[in-house]
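Please look over the model below before reading on. The note is meant to be read beside it.

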Amino acid sequence: MTSPNQTQLSQLDSTAVENFREYLRIPSVHPNINYDECVGFVERQAKSLDLPVKKYEVFPKNPILVLTWEGMEPEKPSILLNGHMDVVPVFPELWTYPPFDAHMDDEGNIYARGSQDMKCINIQYLEAIRRLKLNGVRLRRTVHISFVPDEERGGVLGMKDFVKTEDFKNLNVGFALDEGMASPNNNFLMFYGERSIWQMWIKCTGKPGHGSLMPDNTVGEKFMKVIDKFMEFREKEKNRLRNSNLKIGDVTSVNLTQVRGGVQMNVIPSELKVGFDIRIATDVNHVEFEKMIQNWIKEAGEGISYSFEEKNSFVENTKLDATNPFWMAFKNTCEANKMTLESGIFTGGTDSRYIRSCGIPAIGFSPMNNTPVLLHDNNEFLNKDVFLRGIEIYMKLIPAIANA
């Protein structure tokens, strides 16, 4: 086994940064994404690494690309390194630099949509493997690197249904790494579970009337009773955060996000709808939680119903103990490299929830410390040195996990 000299290392760093910036310049931004440029980019990367790549399409025009580095014992459960190609919309007028130029300033900050969320991770996977292969490293387990679509809209056209296919089962995944988020201090954030997403509509109905009258039991009265119940619960969860060491991922969040209804100012409407985004904590019983909502609706009056836009089932957290050899390898490697991990439940939703739903342990981790949290924000950036250090971290983590 040989290690690259300083000149080779400098060239590898330069290649890694250029590959990162090239990937960032592909505007794979919602809505109506054309992934053709992403596919071409990934196929070129696979060729440069001498790795086979397969393209799957569970849904047309939403390709899933999987590069494979075969292990010495390919019959063993494999490792999946997952990342998504899509990014959220931008408001260019609010950015200092164009959001798809991948401008790098004098301090080495690379500005682009997706720089933190999460095009950096996939490039770090690939560049770590490039260096491991140059060093003559062979791993016991097969490693798959996946580039998936549609994560930013819930993975509906990507990982959500891909995990149900024979193609996914044939990957024989035993453990997965997926995205985490930046840490503003010296610690590294690591996530072993996610809250369940419930996005629901409450519909209140009643008799319409003239806006000058004061009839009983109007839609507006029912509407406010329902909203009050949700907001009272929300305040209780906020108080739990204020009065303890809990983090946002440890409580159930409730937010009123949409309101619909009404005809005109002088007409009492026959229907009003209110939408809530709810993230259910991992220790909450889903059946009991829904019963609580049903009781709120019953107390508010007749003619009220509810429906779901999204209703995640309960998914067990990834175990962080000796029963999970992949976690032990991850943890021991971080400790050996003096990396302080801060573990928790992820605040949002990632593709990890679909992987965990198959009984596969998964960890959300992005090696970005001492970095402001800018995912989905204007002027999203990642510093070049933080990016390059992430490659070094994966060079240690990938072999440790793949040889577990």
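The points below take up a strand, a helix contact and some aromatic rings.

1. This is a predicted model, in which local features need pLDDT of at least 70 and side-chain atom pairs count only at pLDDT 80 or more, while totals for chains, interfaces and linings use all residues. Residues are numbered from 1 along each chain as its sequence is written, and side-chain values use heavy atoms, with hydrogens and water left out.

2. Strand β7 (residues 173-178) has 6 of its 6 residues buried, where buried means under 20% relative accessible area with a 1.4 Å probe and protein chains only; strands are DSSP runs of E with at least two residues, and helices are runs of H or I with at least four, numbered from the N terminus. β7 runs parallel to strand β3 (residues 78-84), joined by 4 bridges, and also pairs in the parallel sense with strand β16 (residues 362-365) over 3 bridges, pairing being counted if DSSP finds at least two bridges.

3. Phe-175 lies in β7 and Phe-326 in helix α8, so their ring pair ties together parts that are 151 residues apart in sequence. The ring centres are 5.1 Å apart and the planes at 15 degrees, so the pair is stacked, given that rings of Phe, Tyr and Trp (its six-membered ring) pair with centres within 6.5 Å and that planes under 30 degrees apart count as stacked. Both residues, Phe-175 and Phe-326, are buried.

4. Phe-326 is also one of the α8 residues that make the contact with α10, contact meaning heavy atoms within 4.5 Å.

Technical notes: Buried < 20%, exposed > 50% of the residue type's maximum accessible area, 1.4 Å probe, protein only. Phe/Tyr/Trp six-rings, centres within 6.5 Å; stacked < 30°, edge-to-face > 60°.
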